[in-house]
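User: Could you take a close look at a single part of this structure and walk me through what surrounds it? I am a first-year student, so please go step by step.

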Amino acid sequence: MTDSPTSPAVAALIRWQDSGGVWRVLGRRGAHVTIGLFECTGGDEVDRIVSADPALRAFVGQRAGSED
């Protein structure tokens, strides 16, 4: 991981992942990416991040989710 995330969106995703949560890319449209934050079991969606932050898009890359 990184000690100083480049953006609040990346920091939030890293915290979620480090806490055992699962994230999945729900959509990519233009400059925006929509990421669902799920329980550690991968069950229920708890929250979403919708962002055009280039740092977040770079962090996610072409992965479908945290399990990739």
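Analyst: The model shown here is predicted, and a good place to begin is Arg 24, which lies over the face of Phe 38, at 4.5 Å from the ring centre. This counts as a charge over a ring because CZ of Arg has to be within 6 Å of the ring centre and within 35 degrees of the ring normal. A similar arrangement involves Arg 63, whose charged end sits over the ring of Phe 59, 5.1 Å from the centre of that ring. Aromatic pairs, on the other hand, number zero when the whole structure is searched.

Phe 38 belongs to β2, which spans 32-38, and the loop between β2 and β3 holds Cys 40. Cys 40 has a relative accessible area of 59%, and is therefore exposed, yet if residues up to four places away in sequence are not counted, Cys 40 still touches Gly 20, Gly 21 and Val 22. Trp 23 is 17 residues from Cys 40 in sequence, while the C-alpha atoms of these two residues are 9.1 Å apart in space.

Gly 20, one of the residues that Cys 40 touches, comes just after α1 and takes a positive phi of about 100 degrees. Helix α1 itself covers residues 8-18, and its buried residues are Ala 9, Val 10, Ala 11, Leu 13, Ile 14 and Gln 17. An α-helix has 3.6 residues a turn, so residues three or four places apart point the same way. The cover over the buried residues of α1 includes the strands β1 (22-29), β2 (32-38) and β3 (45-51), together with the helix α2 (54-60).

How values were computed. Residues numbered from 1 in each chain as written. Predicted model: local features only at pLDDT ≥ 70, side-chain atom pairs only at ≥ 80, totals over all residues. Heavy atoms only, no water. Phe/Tyr/Trp six-rings, centres within 6.5 Å; stacked < 30°, edge-to-face > 60°. Buried < 20%, exposed > 50% of the residue type's maximum accessible area, 1.4 Å probe, protein only. Helix = DSSP H or I, 4+ residues; strand = E, 2+ residues; numbered from the N terminus. Contact = heavy atoms within 4.5 Å.
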